[in-house]
Amino acid sequence: MKFKIVLLAVAATGLFAAHAGAQSFAITNAKIVTVSGPTIESGTVVVRDGLIAAVGADAKAPADAQIFDGTGMTVYPGFVDALTNVGIQPRTAAAAPPGVVATQLTPQANSNYPVGLRPEVIAIDELRGGDAQFETVRNAGFTTVVTVGRLGIFNGRSAIINLAGENVSGMIVKSPFAEHISFTTVGGGVYPGSLLGTFSALRQMFLDAQRLQEIQKMYAANPRGMKRPDADASLEALFPVINREVPIVFNANREIEIVRALDFAKEFNLKAMIGGGQEAWKVADRLKAQDVPVLLSLNFPKRTTAASPDADQETMDILRFRAETPKTAAKLQQAGVKFAFQSGGATTLLDFFTNAGKAVENGLSRDAAIRSMTLGSAEILGISDRLGSIDTGKIANLAVVKGDVFSKDRFVSSTFVDGKPFEQKLVTPSTAAGRPPTTTSPGAIARVGGNYSITIEVPGQQLTGTMALTQQAGVITGSLQTQLGTSPIKDGKVTADGFSFAATVEFGGTQVEMHVKGTVAGNQVSGTMDSPQGTVSFTGKRNP
Amino acid sequence: MKTLTSIFIVLLLGLATLAQTRNEVLIKNATVLTAIHGTLENTDILIRDGKIAKIGKNLAAGGSAKIIDATGKFISPGIIDCHSHTMMDAINEGSLSVTSMTRIRDVLNPTDIAIYRALAGGVTTANLLHGSANAIGGQNSTVKFKFGHPIEDFMIPDAPPGIKFAMGENPKRSSQTFQPGQTPRYPRTRMGTLEVMRDAFVRARDYKQAWDDYKAKKTKVPPRRDIELEPIVEILEGKRLVHAHGYRSDEHLNLMLLADEFGFKVATLQHGLEAYKIAPEIARRGTGVSIFADSWSYKLEAYDSIPYNAYILWKNGVVVSINSDSDERMRRLNLDAAKMMKYGGVPEEEALKMVTLNPAKQLGIDKRTGSIEVGKDADIVIWSAHPFSVYSHADMTLIEGDVYFDRSNDIQKRPEIAKEREALEKMDINKAPASGATSPRIPSEKRTEERDEAEYGDNR
């Protein structure tokens, strides 16, 4: 008898769990852009147990389904950002307690290679689970992203994740998806310290990986009389890349960078992709011939420097580059080069859709634009059998959009990630989709003046410094002091949650213009420093 | 059958005519400075498929040939700069003392506007070198300035590969400022620099031995391919040219002694401001010298030079070239060559050779370029006046028969480009942001690459 009760209890728990998991939803009376087939002008999408259970003009909402009235809305497959660093935690813990060096918190990596040349780095180790952190991205309509860090020559191995889930394992769609490379340096006076060295170091590593794999096979076949080969985790991480089992994404925007990437891929017979590809149209023939898809950045180049009569004119090359970039997608489509849209490190996700709209204005078909952020992406990422379109049996990743998806008045009223709904309330017209809510009431000016001790995360090393900020109403003056010297700050302003200013530092014999943005919370400060050489982050605290 | 044969013959004839008229350029009635067989007055040059086909008077060309009237103008071979860092997105890998694994080919940028400006100065070919921050630097690229073409077209297919070596203040980092916590790099002295070189050759010899043993099946496991040592093995095998940056004659002499020890020849001594002191020693080894025309005293080890350097070297039978080491000076190498007539009295043709045939010899490409001779590549400059005159400018620069710079065309296009600029600048995307902008760089262009400034700098 007792035994029976236990059984019953187990069964009940099981039932309950099954019931919770099987919760179903139906979006009714909506326009449905299935992408894989014709658009349904008015129909129903039924979601059950994380999957699309039914879709069609005649599909019926089940009795137990929670109904979302889709009148006036359009349902798209959840949008895919084909390259981002969403969810990746900085490699050194920013929230280190006082007195603890941040590096002490990260496990010691036993690599023979410097930080930045470690292909074994894997995004899922740097991800944290939890729905909340992805709210902003989801509210813009994204349900799936390729995410990987941006530091180093080897950015590491990326993951394709769905943007909801309480733990990382539940979020992963595919890991590793690809190895990622940036043509940068490791810095800190360490080889490779220039683009010259970057290519040589990569070339030697790929040759070494080829040999290690060969020798490990020889040893496995007959270890007698043979020196045991190294178990080198860095080189071993490259085996699937040289075997063409895992693609390699080269971050390259300008024509010559893409050409270099294609040459390198050819040299080692790699399954390559281009990340960025702003000038990819200039090498469309080669991309097509080598069957290299482009994860095409929608972060179009913008002029960031102020006008000044004393400055030299901008070069024609730069002026033309900015003008031509919105036309890239259409030209790639014409040439038959596969591409998927990605945010390209854009500071606001609104740019993603607005700039996709600009690509449409410049000759890309609307359908192709939608495809390049849904099914087309999924095909390139190798996951089109499970998501990317609204089809029965596929993962229920959906974006419910009010208004034209490419227009500024677009509003994503809800997203479904693995069948889980996330609703967004339209508060005021000014709180557009994708913009994180600000808690500061307008008119109130944050108090950000003071002396800050900061740590700057330069790849391969840490710089420490201080910022002395004097605030007068909304204006900031003062100086930035680092090992590179002291620089007065220019254009200092108080922002909604912190400050921004520009400074010039001397580095390696050249003057580097930096644009600094900081967020102040209590006495904690964090932010970024943008320069033509790239973006680094910093953290620190205000000294009492 | 007969009909078939006649059709065949007609076809063949047709093809032959096609071949004859294909890609012909006829330059008429110029004063031709051949840089090998003297100066020819009122002379025509017929170019066919990129090669010089005929040189003579009253030449005829096929109907479709492009005719260039050069009456009153001067023609010289395309200028060759034996020491340049143009069109490179990086110059120095400054982290190590031996960076022979680096390849200039990896970082070339064919869109660099400096290429077009060099063409406007009559330069068609350059030796693109790694900087001089290291005892043994990176692998060079010998290129033709085919501006507008993809990078692979720039490479001269049969140019022997080369490599940069450096001695003196640059590799020992005497001007380096150290960042906090940075350890000074070995070597710190001139003797250390030579030791680094010797050590590299010894390592390369061992490396070659390991591969030879493996190929002879004496060992079972293939050795590791080492891209640092591979090019050094090529030096030992005489397949790779050494271009050695240095100032002091004692150092250049030491390097040549080291080369004697390891059984190779140094291709060029670069800069070599004191080379006149060891001219016979250089001549005996068949080593070339590539110098500045008349600049020195810009650093401590560059004081003991004289403008007669080229003359003395030439007198001693050394192959001398004048180089620029600068995007700006590259555009007036013709005038640097002219100066050699003033200092010591180098004959006109010998002076011209110093920026044409001699650098071609030093780079191992004299079979195809460097002089106006039948069978060579049609790398040709048409000058408005004698190229040694300060009043002359290049009117047209041709590489392998194709025009890469045409002054009249350039002047014609300027209003068009100005209009395009105006339109581009009006676009929203090119307008300066209203707020949050970074300050512009004023002035934006720092004159680097002057003399050897760019060479010892840290990584770029």
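Two strands pair if DSSP finds at least two bridges between them. Helices (H or I, at least four residues) and strands (E, at least two) are DSSP runs, numbered from the N terminus.

This is a predicted model: local features need pLDDT of at least 70, side-chain atom pairs count only at pLDDT 80 or more, and totals for chains, interfaces and linings use all residues. Residues are numbered from 1 along each chain as its sequence is written, while chains are lettered from A and ligands numbered from 1 in the order in which they are written.

**Exercise 1. Find the partner of Gln139(B) in β10(B), then place β8(B) in its sheet.**

Step 1. Gln139(B) faces Ile163(B) in β10(B).
Step 2. β8(B) and β10 (residues 162-166) of chain B run antiparallel, joined by two bridges.
Step 3. Widen the view: the open sheet has six strands, ordered β8-β10-β11-β12-β13-β14 (chain B), with mixed pairing.
Step 4. β8 (136-139) and β14 (320-322) of chain B are the edges; each has a single partner strand, so one side of each lacks a neighbour in the sheet.
Step 5. From one strand to the next, the twist averages 25 degrees (axes are lines fitted to C-alpha atoms, for helices over the stretch in contact, and angles run from 0 to 180 degrees between N-to-C directions).

**Exercise 2. Describe the three-strand open sheet of chain B.**

Step 1. The order is β6-β7-β9 (chain B), and the pairing is mixed.
Step 2. β6 (79-84) and β9 (141-144) of chain B stand at the edges, each with a single partner strand, so one side of each has no neighbour in the sheet.
Step 3. The twist here averages 15 degrees from one strand to the next.
Step 4. Four bridges link β7 (residues 123-128) of chain B to β9(B), in the antiparallel sense.
Step 5. One bridge partner to check: Ala126(B) is matched by Val143(B) in β9(B).

**Exercise 3. Work out how α3(B) packs on α5(B).**

Step 1. Two packed helices are described by the angle between their axes and the distance between the axes.
Step 2. For α3 (residues 190-215) and α5 (residues 249-262) of chain B, the axes come within 11 Å and cross at roughly 20 degrees.
Step 3. That makes α3(B) roughly parallel to α5(B) (angles under 35 degrees count as roughly parallel, over 145 as roughly antiparallel, 65 to 115 as roughly perpendicular and the rest as oblique).
Step 4. List the contacts (C-beta atoms, placed from the backbone, within 7 Å). On α3(B), Arg190(B), Leu194(B), Met197(B), Arg198(B) and Phe201(B) meet Glu251(B), Asn254(B), Leu258(B) and Phe262(B) on α5(B).

Note on methods:
Contact = placed C-beta atoms within 7 Å.
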